[in-house]
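Colleague: Can you walk me through this one? I would like to start with the covalent links.

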Amino acid sequence: MSEKPQAAAEPQVAEEGSSGTAPAPAPRRGFLAGMGAIAAGGLAFLAPVWSGIRAALEPLERPPQDTDLVPVAKLAAVPDDGVPHKFRVVMDRVDAWNTHRQLPVGAVYLRRTGDSVEALNVVCPHAGCFVNVAADRSRFVCPCHKSSFDLSGAVNDPASPSPRDMDTLDVEIRDDEVWVRFQNFLPGRAEKEPVA
Ligand code: FES
């Protein structure tokens, strides 16, 4: 007796959800996925770039530094004779991105009487020449246009073209050192105006 041939199994068709909507075409899915990957990659790239730009520009956003006191000389190096003695001033200078160590920035006259020390900027307030101590050590004289100042820096000759006294500077004695708040001031003005 011959066996009855069995019917071929019906192919099973998977349902696409219960809503009955048609599935999205495969190429469209791939396009959307690609765009998402590009956007994510772009954000991942831009974040460190933006951080770098901010870091580079950050120094420009800092407020300018306030002038501070700097050590100029040992107190013992300033003779206790009431006569001005010249000392060079070196200090660190900071621009937007760099710190320049121990740059010579000017000079001061220190005049000591006992433990009291006065400081004057050596620059003439008339036009910016360097003032000298007169040979007899009784006053300052400017070699350029003959302004004359007493040892405290006050104009002592009405014929002097300087519009103001020599520029005094703040001084502190710290331990055995003389510290000065060094500043330059605009020449040709009656009032002291710091150079920006
Ligand atoms: S610069 Fe000193 S008197 Fe003119």
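Modeller: Keep in mind that this is a predicted model. In it, Cys129 and Cys144 are joined by a disulfide, S to S 1.9 Å.

Colleague: How many disulfides does the structure hold?

Modeller: The structure holds 1 disulfide.

Colleague: And which hand does the link of Cys129 and Cys144 have?

Modeller: Left-handed, with -100 degrees about the S-S bond. Cys129 sits in the loop between E4 and E5, and Cys144 in the loop between E6 and E7, so the bond ties together parts 15 residues apart in sequence.

Colleague: Is Cys144 buried, exposed or partly exposed?

Modeller: Cys144 has a relative accessible area of 35%, so it is partly exposed. Cys142, by contrast, is buried, because its relative accessible area is 3%, and buried means under 20%.

Colleague: What about Cys124, where is that found?

Modeller: Cys124 is in the loop between strand E4 (116-121) and strand E5 (132-133). Its relative accessibility is 1%, so Cys124 counts as buried.

Colleague: What does Cys124 touch, beyond residues up to four places away in sequence?

Modeller: Cys129, Val131, Cys142, Ser147, Phe149 and Pro187. For a distance check, the C-alpha atoms of Cys124 and Asp165 are 8.7 Å apart, with the two positions 41 residues apart in sequence.

Colleague: Ser147 is on that contact list. Where is the place of Ser147?

Modeller: Ser147 belongs to the loop between strand E6 (140-141) and strand E7 (148-149). It counts as buried because its relative accessibility is 1%.

Colleague: Which backbone nitrogen lies 3.0 Å from a polar atom of the Ser147 side chain?

Modeller: The backbone nitrogen of Ser162. Ser162 also appears among the contacts of Ser147 once neighbours within four places in sequence are left aside. The others in that set are Cys124, His126, Phe140, Val141, Cys142, Ser160 and Pro161.

Colleague: Let's move to the strands around that loop. What is the order of the open sheet of 3 strands?

Modeller: The order is E5-E6-E7, and the pairing is antiparallel. E5 and E7 are the edge strands, each pairing on one side only.

Colleague: How many bridges join E6 to E7?

Modeller: There are 2 bridges between E6 and E7, which run antiparallel. Within this part, Val141 stands opposite Ser148 in E7.

Colleague: Phe140 came up as a contact of Ser147. How many aromatic pairs does a search of the whole structure find?

Modeller: The search finds 1 aromatic pair. It is formed by Tyr109 and Phe140, with ring centres 4.9 Å apart and planes at 55 degrees, so the pair is tilted. Tyr109 is in strand E3 (residues 99-113) and Phe140 in strand E6, 31 residues apart, and the pair links distant parts of the chain.

Colleague: Are Tyr109 and Phe140 buried or exposed?

Modeller: Both Tyr109 and Phe140 are buried.

Colleague: Now charges over rings. Which residue lies over the face of Trp179?

Modeller: Arg174, at 4.4 Å from the ring centre. There is also Lys192, whose charged end sits over the ring of Phe185, 4.7 Å from the centre of that ring.

Colleague: Back to E3, since Tyr109 is in that strand. In what sense do strand E2 and E3 pair?

Modeller: Strand E2 (residues 85-94) and E3 pair in the antiparallel sense, over 9 bridges. A hairpin of 4 residues joins E2 to E3. One bridge partner to look up is Pro104 in E3, which is matched with Val90.

Colleague: Zooming out, how many helices and strands does the protein chain have?

Modeller: The protein chain has 1 helix and 10 strands. The order of elements from the N terminus is α-β-β-β-β-β-β-β-β-β-β.

Colleague: What share of the 196 residues is buried?

Modeller: Buried residues make up 26% of the 196 residues in the protein chain.

Colleague: And what part of the contacts join residues at least 24 apart?

Modeller: Counting contacts in the protein chain between residues at least 6 apart in sequence, 47% join residues at least 24 apart.

Methods: Residues are numbered from 1 along each chain as its sequence is written. This is a predicted model: local features need pLDDT of at least 70, side-chain atom pairs count only at pLDDT 80 or more; totals for chains, interfaces and linings use all residues. Side-chain values use heavy atoms; hydrogens and water are left out. Buried means under 20% relative accessible area, exposed over 50%, partly exposed in between (1.4 Å probe, protein chains only). A polar contact is a pair of N or O atoms within 3.5 Å; within protein, one must be able to donate a hydrogen and the other to accept it, and residues adjacent in sequence count only if both atoms are side-chain atoms. Contact means heavy atoms within 4.5 Å. Rings of Phe, Tyr and Trp (its six-membered ring) pair if their centres lie within 6.5 Å; planes under 30 degrees apart count as stacked, over 60 as edge-to-face and the rest as tilted. A charge sits over a ring if NZ of Lys or CZ of Arg is within 6 Å of the ring centre and within 35 degrees of the ring normal. A disulfide is a pair of cysteine sulfur atoms within 2.5 Å. Two strands pair if DSSP finds at least two bridges between them.
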